[in-house]
Amino acid sequence: MRRFALPFVAFLILASLAVGDAVMAQAPVTAIRAGRLLDPDAGRILTNQVILVEGTRIREVGANVAIPAGAQVIDLSNMTVMPGLVEAHNHLALTYKPVPENNVYYYTYVQESTALRAIQAASNGIQMLASGFTIVRDMGNNALYADTALRQAIEQGWIPGPTIINSGIIIGGMGGQFSPTPEMVNDHNIVYPEYLDADTPDEIVKAIRQNILFGAKVIKICVDCKPYGYTADEIRLVIREAAKSGMKVEGHVQTLAGARNAIEAGIWSIAHSGALTDEMHKLMAQKGIWRAGTETPPGLDGHPVSPQAYQRTLDGLKNAYANKVPLTFSTDADYWVTGKTRGELCLEFIRPWIDAGIPNADTLRAMTVNGYKVSETETTRGPIKAGFFADLIALPGNPLDDLNALKSVQFVMKDGVVFKRDGVMTPAAFFHAGPVNGWRIR
Ligand SMILES: [Zn+2]
């Protein structure tokens, strides 16, 4: 057998190359005429560009790109075309409401099954994509891995949605962010699966492995949800264990001591900005730690923010910007506001950036370039460059002049397929009865 193995393998390789070429040749080619093409990295706009998309990827971009015969042409010559947006902190499988749970997600979790929440996540994902978010970091509170199910369904090609970077279950010291009664812990462990208790080094390692086994792509911990929290050494253990599987760690931080521990340990990203002082910002900038500030604007129906709290949010954002902390756009959206989709709700969160006086070009970087980096897609997905996945959006205005232009996304392409055109969702091409991209996606 061994005598024949080598030529046979060579034949297989040649045959598969030939098949690969045939597949490449058959991939549909789309040419997009972009009147204005926004490059958020450079903070500038190029005019009259052509973007050639072949299959799922961008083949060529430029002013003098020849459009091949037979290519489908999409005319966006009166639009600004730009890369897709990134939401760095959402909870797609959670929507708490005034009725019946009085906006307490503890009750949402008691009343709604993982299955129901997974279907809701699919809906929220579609709503995010319609608003131009092509990548969403889904950071926990998603029942029993509804976030993984959503990611897999999108990656397999069953439904449209953003690229999902999901955390699985939030890992924390006993209780997570809940305050259960003794009965609810001893008899039912009601904390699980909304949180994964991990109090000792062994439990921490096991919790991380459980999340990775069940499809997490980033690890999320509660640094200081309880007074016992995690020490810098414990956070180092989390980072080490996650790194074995190539994963980064985000910490929910709400106290100064927690921030100090997380930063000292060298965490990847910090969620929430309430505890981040000038000193913490300086340390974060030094170490290149991402800030997912989750800055909430005032005026969201049912979710009041006091003028004092809002001022603190703005001061914190200004201070972070002045200290050159790496900034991401993040909302922590896990509720519903009357009349708005999840995507429209998230776009309301650009207001704090405007009110804090952050230059539009830098907010756009936070929403795109920095988003790709914090999601670790920056070498494959995000920028409108040859070889990258074809994710792009278009809108009539110019967001460099007015960020609110982002609220009028008319066109969305994801993986080379048109999802929204002329302001109308056209998702039919995304629905498949079988896993067109393969069963083996985990
Ligand atoms: Zn959150």
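Two strands pair if DSSP finds at least two bridges between them. Helices here are DSSP runs of H or I with at least four residues, strands are runs of E with at least two, and both are numbered from the N terminus. Keep that handy, and start the tour at a pair of strands.

**Stop 1: the hairpins**

This is a predicted model, so to speak of local features pLDDT must be at least 70, and side-chain atom pairs count only at pLDDT 80 or more, while totals for chains, interfaces and linings use all residues. Residue numbers run from 1 along each chain as its sequence is written.

Select Met413 and look across: Val418 in strand 16 stands opposite. Strand 15 and strand 16 run antiparallel, joined over three bridges. Two residues separate them in a hairpin, and Asp415 in the turn has a positive phi of about 50 degrees.

Carry on to strand 17 (residues 424-425), which pairs with strand 16, again in the antiparallel sense, over two bridges. Pick Arg421 and its bridge partner in strand 17, Val424. This hairpin has two residues between its strands, and Asp422 takes a positive phi near 50 degrees.

**Stop 2: where the domains touch**

Now colour by domain: domain 1 is 25-83 + 386-430 and domain 2 is 85-375, with bounds from an automatic or database domain assignment. Put a distance between their C-alpha centres and you get 29 Å. The contact takes 19 residues from domain 1 and 19 residues from domain 2, where contact means C-beta atoms, placed from the backbone, within 7 Å.

Which elements give two or more residues to the domain 1 side? They are strand 15 (411-414) and strand 16 (417-421), so you have already met them. By class, that side of domain 1 has 13 nonpolar, one polar and five charged residues. Nonpolar covers Ala, Val, Leu, Ile, Met, Phe, Trp, Tyr, Cys and Pro; charged covers Asp, Glu, Lys and Arg; the others, Gly among them, are polar.

**Stop 3: helix 7**

Select 232-244. The 13 residues of helix 7 should span 18 Å at 1.5 Å a residue, and the end C-alpha atoms sit 19 Å apart, which agrees. (The expected span is 1.5 Å times one less than the number of residues.)

Show the buried residues of helix 7: Glu234, Ile235, Val238, Ile239, Glu241 and Ala242. Buried means 20 or more other C-beta atoms within 10 Å of a residue's own, exposed means 12 or fewer, and partly exposed is in between, with C-beta atoms placed from the backbone. These residues pack against helix 6 (201-213), strand 10 (219-222), strand 11 (249-252) and helix 8 (256-265). Just after helix 7, stop at Gly246, with a positive phi of about 75 degrees.

**Stop 4: Gly251**

Gly251 is in strand 11. Is Gly251 buried or exposed? Gly251 counts as buried because it has 30 C-beta neighbours inside 10 Å. Setting aside neighbours within four places in sequence, Gly251 is in contact with Ile221, Val223, Ile235, Ala262, Ile267, Ile270 and Ala271. For a long ruler, try Gly251 to Gln26: 45 Å C-alpha to C-alpha, with their positions 225 residues apart in sequence.

**Stop 5: zoom out**

The protein chain has 14 helices and 17 strands. Its radius of gyration is 23 Å, close to the 22 Å that the globule rule gives for 442 residues, so the chain is as compact as a globular protein of that length. That radius is taken over C-alpha atoms, and the rule is 2.2 Å times the number of residues to the power 0.38. Buried residues make up 46% of the chain's 442.

Note on methods. Contact = placed C-beta atoms within 7 Å.
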